[in-house]
Amino acid sequence: MAKRRLIRAAGLLFLALALLGGLFFVRAPLLVPPTAYEARALAVMASEGAATEELLEQILRGEREEGGHFRVEGDVAPEPGREIIVGASLSKDRGAVGIFSMAGEQPRLLASLATLPLQEIKVVEIEPGLCGILLRELLDERFGAYFYTVFYTLYTYEEGACREIWRKVVSNEESWQKKWLGGGEGWQGVKDTAEVEFAREDGRLVIKTRETRVLWEGPEPGGSPTGTRERSWARVYRWEPRWKAMILGEGVVEEDTFLQARQGNRYVPLEKLAAGERLAILDEEEVWDAMGGAAAEFYRVKTAAGSVGFVGKEAVSFRR
């Protein structure tokens, strides 16, 4: 237990440094709402294991009623009958989900997933014969600034594990004092919202979003802003069995480049991508400079080998 507490404390400390290190030591940090996914990975890094599985089994048996619990049924695995999906919010920044087969005499745990605190669990049909598990998760952190994010993640069950096939920030709010950036008095921040519609086309899942981003500045958070910049856009994600993902479209690498990973406010190379290589475009990402405007643009992509990361838009031709 002491080791797990140490790992968890180290993870949260690293998260704080990754998120706010730029605010104190870099004049203009990059503002990218999907930081929530880095935070999620760190917050749940020590939450898996036998203790979590036992807790999920207790919820399944109805032996635990306190806290936020979820229980839904659906055919999400290639097992006889329907499965029961159990979820729980374990603490302020931890949650868990388990998939149980009811085919035998006793329930059997097929897979478990560490999450952030849960707000919703649904079973969603992706195509005939394939259903996924949709989670709505909450990241609520305060490290001297304000960081509050709600996002969807969609998973399928495959070979004993949950595989992420889509994710989207649906609400995000961040704020910080201008003096942290050497920008004078007052506050500034970003607000992101997304309306999400789940539909079907030709028997396959389609997810449509209408998104808005507002950059604001003012005397204090929650008050009337003295200045704002706003833009809106719409996106359509479609299930593509070949890529095993919800995608915006496909792309071709125009020139040798690198697949990159986000680490705090930096992008670091993961592997080389050769000209002519085909990619699935999972999402688009704008990196905002807190003191100016859009600083860089990326695609979040998946390679034919299954690697996921970011590529600069200038290196890829995108075909919807």
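This is a short tour of one protein chain, with a stop at a pocket and a few at salt bridges. The model you have open is predicted.

**The whole chain.** Start with a cartoon view: the protein chain has 3 helices and 20 strands. Of its 320 residues, 50% are buried. If you switch on the surface, you will be looking at about 15,300 Å² of exposed area, with 50% of it supplied by carbon and sulfur atoms.

**The second largest pocket.** Next, select E201, R238, W239, I247 and L248, which lie nearest the centre of this pocket. The pocket's volume is about 270 Å³, and 15 residues line it. Which strand gives the largest share of the lining? Colour β12 (227-240) to see it: β12 contributes 5 residues. Strands β11 (204-218) and β14 (249-253) also supply at least two residues each. By class, the lining holds 8 charged, 6 nonpolar and 1 polar residues.

**Salt bridges.** Side chains of opposite charge can pair when their charged atoms come close. The whole structure has 23 salt bridges, so here are some to visit.

- Select R300 and E164: their closest N and O atoms are 3.3 Å apart. This pair links distant parts of the chain, with R300 in strand β18 and E164 in strand β9, 136 residues apart. R300 is buried, at 13% relative accessible area, while E164 is partly exposed, at 30%.
- Select E120 and K122, which meet at 3.4 Å, N to O. E120 is partly exposed at 21%, and K122 is partly exposed at 44%.
- Finish with K168, E211, R235, D283, E284 and K313, which are linked in a network of salt bridges.

Key: Residues numbered from 1 in each chain as written. Predicted model: local features only at pLDDT ≥ 70, side-chain atom pairs only at ≥ 80, totals over all residues. Heavy atoms only, no water. Helix = DSSP H or I, 4+ residues; strand = E, 2+ residues; numbered from the N terminus. Buried < 20%, exposed > 50% of the residue type's maximum accessible area, 1.4 Å probe, protein only. Areas by Shrake-Rupley, 256 points an atom, 1.4 Å probe, with all protein chains shown as cover. 1 Å grid on protein atoms, 1.4 Å probe; cavity = no way out; pocket = protein on both sides within 12 Å on 5 of 7 lines; lining within 4 Å. Points joined across faces, edges and corners; volume = space filled by probe spheres on them. Nonpolar A, V, L, I, M, F, W, Y, C, P; charged D, E, K, R; others polar. Salt bridge = Lys/Arg side-chain N within 4 Å of Asp/Glu carboxyl O.
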